[in-house]
Amino acid sequence: MNYRTLSILVPVLAATACAAPAPAPVPLAVLDYAPQVECTSAYDVSMAVSLELETEVSDAAASSLLNNTSLCIQGEGEAARPYSVFALSSKPNAVSYLVGASLGRARIIPARVDVLDAEGQITRSYGTDDLHMRHTIHGVFIRPRPDEAYVVVSLEPEHIGGSLALSVMDPLYPGSEEGSITSLEYSYEGDAVARVYFEAP
């Protein structure tokens with residue numbers, strides 16, 4: 001009797017031990033911002049993420065999570081906002097960049113993109129309403145001018161509480177069908193991304 005009992009229990013225990021782990025929870029929108037670092041009145045380019053990527057395939061990207069521990073900027077009379085700086089590649093065949101916010105499963109930052117010169121001064125800016133969907137990036141294409149050296153991704157706080165409606169068909173959104181609408185909530189936390197495109201030699 002005892003032997004028969006063991007023969008039944010052992011497979012059950014083995015199956016339990018091999019069970020797949022529970023999926024990670026989907027990060028939700030963060031609607032409040034309390035920076036854990038001191039905010040400055042200008043972008044700090046000394047903290048730039050380099051886009052001097054080792055690969056020179058057709059394109060490659062770098063990303064940075066914006067949250068309350070990121071660099072912070074706050075102009076006079078403005079709300080504080082997190083940001084990340086990317087240093088443009090010096091390679092002559094790095095001809096263009098796609099810069100903005102990477103789509104999350106339920107959230108996205110309402111990105112603002114600033115292009116800076118070598119001294120860290122803004123040469124041009126693009127707000128959330130200027131951005132367009134490119135694959136899984138809500139961003140803007142930039143072809144740098146000779147005096148431009150950095151791109152910054154921050155966000156526009158006035159959009160927090162709103163959402164971005166997307167017409168999608170992508171495995172990132174299970175159950176989505178062609179022409180279906182997925183709404184991503186604007187968040188103070190999310191991924192900033194800069195993708196560099198190389199011209200064929």
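What follows is a look at the nonpolar cores, the main pocket and one unusual backbone angle in this predicted model.

Start with the inside. The largest nonpolar core takes in 35 residues, and the ones with the most contacts within it are Phe86, Val99, Ile109 and Ile142. Plenty of strands chip in: β2 (59-66), β5 (94-102), β7 (111-117), β10 (137-142), β11 (148-155), β12 (163-168), β13 (180-186) and β14 (190-198) each put at least two residues into this core. Apart from it sits another core, this one of 8 residues, including Tyr83, Val85, Leu116 and Val152.

Val99 gives a feel for the packing. With neighbours within four places in sequence set aside, Val99 touches Val113, Gly139, Val140, Ile142, Val151, Val153, Val193 and Ala194. One of those partners, Ile142, is itself among the core residues with the most contacts.

Now for the empty space. The largest pocket holds about 180 Å³. Its lining is made up of Ser41, Ala42, Tyr43, Ile73, Gly75, Glu78, Arg81, Arg112, Glu119, Gly120, Gln121 and Ile122. Sorted by class, that lining is an even split, with 4 nonpolar, 4 polar and 4 charged residues.

Finally, the backbone has an oddity at His135. Most residues other than glycine have a negative phi. His135 is not a glycine, yet its phi is positive, at about 60 degrees. This residue belongs to the loop between β9 (132-134) and β10. Is the side of the protein where His135 sits buried or exposed? His135 is exposed, its relative accessible area being 75%.

Key:
Residues numbered from 1 in each chain as written. Predicted model: local features only at pLDDT ≥ 70, side-chain atom pairs only at ≥ 80, totals over all residues. Heavy atoms only, no water. 1 Å grid on protein atoms, 1.4 Å probe; cavity = no way out; pocket = protein on both sides within 12 Å on 5 of 7 lines; lining within 4 Å. Points joined across faces, edges and corners; volume = space filled by probe spheres on them. Nonpolar A, V, L, I, M, F, W, Y, C, P; charged D, E, K, R; others polar. Core = buried A, V, L, I, M, F, W, Y, C linked by side-chain atoms within 4.5 Å. Buried < 20%, exposed > 50% of the residue type's maximum accessible area, 1.4 Å probe, protein only. Helix = DSSP H or I, 4+ residues; strand = E, 2+ residues; numbered from the N terminus. Contact = heavy atoms within 4.5 Å.
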